[in-house]
Amino acid sequence: RSAALLREAHAARSYADNILASMAESLIVLDARGQVQTVNRATLQLLASPPQQLLGRPFTTILPDYHEASPVDRAARADVGLVERAYHAPDGRDIPVLFARSVLFDEDGASI
């Protein structure tokens, strides 16, 4: 039974990873400390960067004017639309982007 559950979990993760990887829009996932955890192919192409130049680094190396929302701000920013910003590529270029952020919540409503 546990082997079947593990296979199902792996298949679900693989499915979600494939969706994120194939997105045409740049996607960057941060941890609670603002460190880059995941980037998709569109981000790597946009920044002309291999993943090792981005993963584990502070998001502010890509978006210098990014400020993590405080817990009070999270609810207020949940419905923020697109804003114009500029990603800073490792090669020094500034790339204009329309930026949107989303906070993820677990089943208890706590941000993750």
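User: Is Arg13 buried or exposed?

Analyst: The model is a predicted one, in which local features need a pLDDT (the predictor's confidence in each residue, from 0 to 100) of at least 70 and side-chain atom pairs count only at pLDDT 80 or more, while totals for chains, interfaces and linings use all residues. Residues are numbered from 1 along each chain as its sequence is written, and side-chain values rest on heavy atoms, with hydrogens and water left out. Relative accessible area, computed with a 1.4 Å probe on protein chains only, is read as buried under 20%, exposed over 50% and partly exposed in between. Because Arg13 has a relative accessibility of 55%, its class is exposed.

User: Which residue forms a salt bridge with Arg13?

Analyst: A salt bridge needs a side-chain nitrogen of Lys or Arg within 4 Å of a carboxyl oxygen of Asp or Glu, and the closest N and O atoms of the pair that Arg13 joins are 3.1 Å apart. Both partners belong to helix H1 (residues 2-22), where a spacing of 4 residues separates them by about one helical turn; helices (H or I, at least four residues) and strands (E, at least two) are DSSP runs numbered from the N terminus. The partner, partly exposed at 35% relative accessibility, is Asp17.

User: How many residues apart in sequence are Asp65 and Arg85, which also form a salt bridge?

Analyst: The closest N and O atoms of Asp65 and Arg85 are 3.4 Å apart. Asp65 counts as partly exposed at 41% relative accessibility, and Arg85 likewise counts as partly exposed at 33%. Asp65 lies in the loop between H2 and H3 and Arg85 in strand S3, so the pair links distant parts of the chain, and their separation is 20 residues.

User: Which element gives the most residues to the largest nonpolar core?

Analyst: A nonpolar core is a set of buried Ala, Val, Leu, Ile, Met, Phe, Trp, Tyr and Cys residues joined through side-chain atoms within 4.5 Å. The largest has 14 residues, and those with the most contacts inside it are Ile28, Leu47, Phe59, Ile62, Tyr87 and Phe99. Two elements, S2 and strand S4 (94-99), give two or more residues to this core. The element that gives the most, with 3 residues, is S4.

User: What is the angle between the ring planes of Phe59 and Tyr87?

Analyst: Rings of Phe, Tyr and Trp (its six-membered ring) pair if their centres lie within 6.5 Å, and planes under 30 degrees apart count as stacked, over 60 as edge-to-face and the rest as tilted. Phe59 and Tyr87 are both buried, and their pair ties together parts that are 28 residues apart in sequence, because Phe59 lies in the loop between H2 and H3 and Tyr87 in strand S3 (residues 83-88). Ring pairs link these two residues with Tyr66 and Phe99 into a cluster. The Phe59 and Tyr87 pair is edge-to-face, with a centre-to-centre distance of 6.5 Å and an angle between the planes of 80°.

User: With which residue does the side chain of Thr43 make a polar contact?

Analyst: Thr43 sits in helix H2 (residues 41-47), and Thr43 counts as buried because its relative accessibility is 0%. A polar contact is a pair of N or O atoms within 3.5 Å; within protein, one must be able to donate a hydrogen and the other to accept it, and residues adjacent in sequence count only if both atoms are side-chain atoms. The side chain that Thr43 meets at 2.6 Å is that of Ser26.
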